[in-house]
Amino acid sequence: MSEPQGAGTGEGSTQRLPVVERGAGTDTEPGPYESGVTDAPASGQAGRFWSARRVPAGIVALLLLFLTGAFLYDVAAVRAGRSALGWRRDLARQLAERPVDDTWVLVGAGVAAALGLWLLVLALTPGLRRLLPMRRTHPGVRAGLHRNAAATVLRDRAMEVSGVQSARVRMRRRRARVRALSHFRELDDVRADLDGVLDGAVRGLGLARPPAVSLRVKRPGRKG
């Protein structure tokens, strides 16, 4: 390691940072980005990230706390010799008098069933759909890439192709839709260059499941 050499001591001066110099006899191998290899072998399963579901869990907990507290208070009041609350008497009368095929009974049952189904879906699905899992090169490390960041990388790479005037990328978990406008060059040539550039860009993202690229190239519309 070379010693830091100061280029100045006053305000606004620059200073050379320490540099690690790799000797000829070192056994350290270059990483995938140093050697230019982007397809590093995966050493573990890269599953999707699971959401903590804090908001649905908090809502359900508050509702259960409120309902159980209200019923517990009413039962304790009745045990103490007081009359039951009016809402519980009305609820018991409505349940006893209303037929099962009543409209409001069916509506309430449908709302309860839809709420229960929604909670089951939240409990059984991972969530975090905007976070794409990356390949695991180390067993104890997990990494993810936001879909917007991946779309920005593909768009920037597409804009580097000669003839591309603008590009729009819509990233999904399984597919990346790229729409490009070309103002010169043949469309077939631009499309061929974009295919190669985007394929390399998708591999360079390091995703566990690289999305398929759907590409469409056309001329910009005439103004007026």
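## Strand pairing, surface patches and salt bridges

Strand 4 and strand 5, the latter spanning residues 212-218, run parallel and are joined by seven bridges. The structure described here is a predicted model, and every value below is computed from it. Within this parallel pairing, R179 has R216 as its bridge partner in strand 5.

Strand 4, which covers residues 175-182 and includes R177, also pairs with strand 3 (residues 164-171), here in the antiparallel sense and again over seven bridges. The connection between strand 3 and strand 4 is a hairpin of three residues. Two facing pairs help to locate the register of this antiparallel arrangement: M171 stands opposite A176 in strand 4, while A167 stands opposite A180 in strand 4.

### The positively charged patch

Which residues gather in a patch of positive charge on the surface? The patch is made up of R129, R130, R170, R172, R175 and R177. One of these arginines, R177, lies in strand 4, and with a relative accessible area of 39% R177 is partly exposed. Because a patch residue must have over 30% relative accessible area and no salt bridge, the 39% computed for R177 satisfies the accessibility part of that requirement.

### The nonpolar patch

A second surface patch is nonpolar and consists of F66, L67, F71, Y73, L85, W87, L91 and L95, which together have about 830 Å² of accessible area. Two elements, helix 1 (54-79) and helix 2 (86-97), each give two or more residues to this nonpolar patch. Which element gives the largest share of the nonpolar patch? That share, four residues, comes from helix 1. L95, a member of the patch, lies in helix 2, and its relative accessible area of 66% makes L95 exposed, because the exposed class begins over 50%.

### Salt bridges

Side chains of opposite charge can pair when their charged atoms come close. The structure holds six salt bridges, and three of them, including one within helix 2, are set out in the table with the distance between the N and O atoms.

| Salt bridge | N to O distance | Relative accessible area of each residue |
|---|---|---|
| D90 and R93 | 3.0 Å | D90 36%, R93 38% |
| R98 and D102 | 2.9 Å | R98 36%, D102 19% |
| R157 and E160 | 3.6 Å | R157 31%, E160 60% |

D90 and R93 both belong to helix 2, where they are three residues apart, about one turn of the helix. Both partners of this salt bridge reach the solvent-accessible surface in part, since D90 is partly exposed at 36% and R93 is partly exposed at 38%.

Is D102, the partner of R98 in a salt bridge, buried or exposed? D102 is buried, because its relative accessible area of 19% falls under the 20% limit for that class, whereas R98, at 36%, counts as partly exposed. The side chains of R98 and D102 therefore meet in a salt bridge that joins a partly exposed residue to a buried one.

In the salt bridge between R157 and E160, R157 is partly exposed, with a relative accessible area of 31%, and E160 is exposed, with a relative accessible area of 60%.

Conventions. Residues are numbered from 1 along each chain as its sequence is written. This is a predicted model: local features need pLDDT of at least 70, side-chain atom pairs count only at pLDDT 80 or more; totals for chains, interfaces and linings use all residues. Side-chain values use heavy atoms; hydrogens and water are left out. Patches are made of residues with over 30% relative accessible area and no salt bridge: like charges are joined within 9 Å, nonpolar side chains (Val, Leu, Ile, Met, Phe, Trp, Tyr) within 5 Å. Accessible areas come from the Shrake-Rupley method with a 1.4 Å probe; for residues, only the protein chains shown count as cover. A salt bridge is a side-chain nitrogen of Lys or Arg within 4 Å of a carboxyl oxygen of Asp or Glu. Buried means under 20% relative accessible area, exposed over 50%, partly exposed in between (1.4 Å probe, protein chains only). Lys and Arg count as positive and Asp and Glu as negative; His and the chain ends are not counted. The place of a charge is taken as NZ of Lys, CZ of Arg, CG of Asp or CD of Glu. Two strands pair if DSSP finds at least two bridges between them.
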